[in-house]
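Hi everyone, thanks for coming. Could you pull up the sequence and the structure, so we can walk through them together?

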Amino acid sequence: MSESTASESTATLVVDLIISLDGYASAEGWPGWWGLEGPEYLAWLDEEGKKDFTTLMGATTYRVMSSLSQEASAEDSGFSQDEGASLSGMAALPKIVFSSTLKEPLAWPNTELISGDAVEAVRELKRTRTGILSTLGSISLCRSLLTAGLVDRYRLVVFPVITGRTGSERIFDGYPDVALELVDSRTFDGRSQLLEYIPRVIDGPPAKRQS
C-alpha cells in the first residue's frame with residue numbers, strides 16, 4: 001500500500017468540547033449550552049452532523065445523551081425546535097461508547113459498545129476506519145486520547161460566561177502540557193467562539209530563546 005493510500009484510509013480524530021470562558025464543561029442550575037445556543041451555532045451543529053463521522057463517548061455521556069435524545073423525540077419535550085431536532089437526530093448517527101459496565105443490547109440506536117481499553121481501541125479505529133472520529137463530552141476520555149498523542153484536531157466552542165461559583169467538570173485538570181497551533185476560528189451569533197487547533201503534547205515549557 002502506498003503512503004498516500006495509507007493516509008487516505010486513516011480516520012481523523014477530533015476532540016470536540018464546549019466550555020465556559022473559565023474552562024468548565026457545565027454549571028449547576030444552568031441550561032445546556034449555558035442558554036446561549038444561537039441560530040448560527042445550531043446551524044453549524046446541523047451541518048457538522050451531516051458529515052461522515054462517528055461519535056465517541058464514555059458511559060456517563062452515553063447515559064446522559066441517550067436519555068436526552070429520547071426525551072427530545074417525545075411530544076411536548078420542552079426543548080426548542082432546533083435543540084430538539086439536534087438531540088433527537090443523534091439517534092441516527094453512528095456512535096461508539098467505551099464502557100466496562102454497560103451491556104448489550106444498547107437502547108440507543110446505532111451505538112457500538114467497546115469494553116476494552118479505550119486508548120488502544122481508538123488507536124485501532126484510526127488505523128482501520130475512514131472519515132472522522134469525533135468525541136462527545138467525555139472529559140476523561142478526551143484527556144486520555146490527547147495524552148496518548150492520538151488527537152489530530154482539538155476543537156473548542158467557548159461560551160461567553162464565567163461560572164466560577166457554579167461551574168463543574170473542569171476540563172483541563174490533569175492535562176499534560178500541550179502546544180496548540182490555531183488552524184481555524186469563527187464566531188457564532190456574535191458571542192460564542194470556535195477555536196480549532198492542531199495539538200502537540202510537550203514535556204514542558206520550551207527552552208528559552210537566546211537573544
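**A walk through the fold**

Let's begin with one pair of strands: β1, residues 12-20, runs parallel to β6, residues 132-135, and three bridges join them. If you want a spot to click on, valine 14 sits opposite serine 134 of β6. As a reminder, strands of a sheet pair through backbone hydrogen bonds, either parallel or antiparallel.

Before going further, please keep in mind that this is a predicted model. How confident is the predictor over the chain? Mean pLDDT is 88, and 91% of the residues reach 70 or more. The part to treat with care is residues 1-7, where pLDDT stays under 50 and the model has two contacts beyond four places in sequence.

Now zoom out from that strand pair. Which sheet do β1 and β6 belong to? They are part of an open sheet of eight strands with mixed pairing, in the order β5-β4-β3-β6-β1-β7-β10-β9. The edges are β5 (111-114) and β9 (177-188); each has a single partner strand, so one side of each has no neighbour in the sheet. On average, neighbouring strands here are turned by 25 degrees against each other, ignoring direction.

Next, the packing. In soluble globular proteins, nonpolar side chains tend to be buried together. Here the largest nonpolar core has 30 residues, and those touching the most other members are Leu13, Leu17, Leu56, Phe98, Leu145, Tyr154 and Ile171. At least two residues of this core come from each of β1, β4 (95-98), α5 (118-128), α6 (139-147), β7 (153-159) and β10 (192-202). Another core, of 12 residues, lies apart from it and includes Met57, Ala59, Val97 and Leu102.

What does leucine 56 touch? Leaving out residues up to four places away in sequence, its contacts include Leu13, Ile96, Phe98, Val122 and Leu141. Ser134, the residue we met opposite valine 14, is also one of the contacts of leucine 56.

Two helices to finish. In α2, residues 39-49, the buried residues are Tyr41, Leu42, Trp44 and Glu48. Looking down the axis of α2, these fall within an arc of 155 degrees, so they line one face of the helix.

And in α3, residues 59-73, have a look at threonine 61. Is threonine 61 buried or exposed? Its relative accessible area is 14%, and the cut-off for buried is under 20%, so threonine 61 counts as buried. Beyond four places in sequence, threonine 61 touches Ser66, Leu136, Gly137 and Ser138.

Conventions: Residues are numbered from 1 along each chain as its sequence is written. This is a predicted model: local features need pLDDT of at least 70, side-chain atom pairs count only at pLDDT 80 or more; totals for chains, interfaces and linings use all residues. Side-chain values use heavy atoms; hydrogens and water are left out. Buried means under 20% relative accessible area, exposed over 50%, partly exposed in between (1.4 Å probe, protein chains only). Helices (H or I, at least four residues) and strands (E, at least two) are DSSP runs, numbered from the N terminus. The arc is that of the directions from the helix axis to the C-beta atoms. Two strands pair if DSSP finds at least two bridges between them. Axes are lines fitted to C-alpha atoms, for helices over the stretch in contact, and angles run from 0 to 180 degrees between N-to-C directions. pLDDT is the predictor's confidence in each residue, from 0 to 100. Contact means heavy atoms within 4.5 Å. A nonpolar core is a set of buried Ala, Val, Leu, Ile, Met, Phe, Trp, Tyr and Cys residues joined through side-chain atoms within 4.5 Å.
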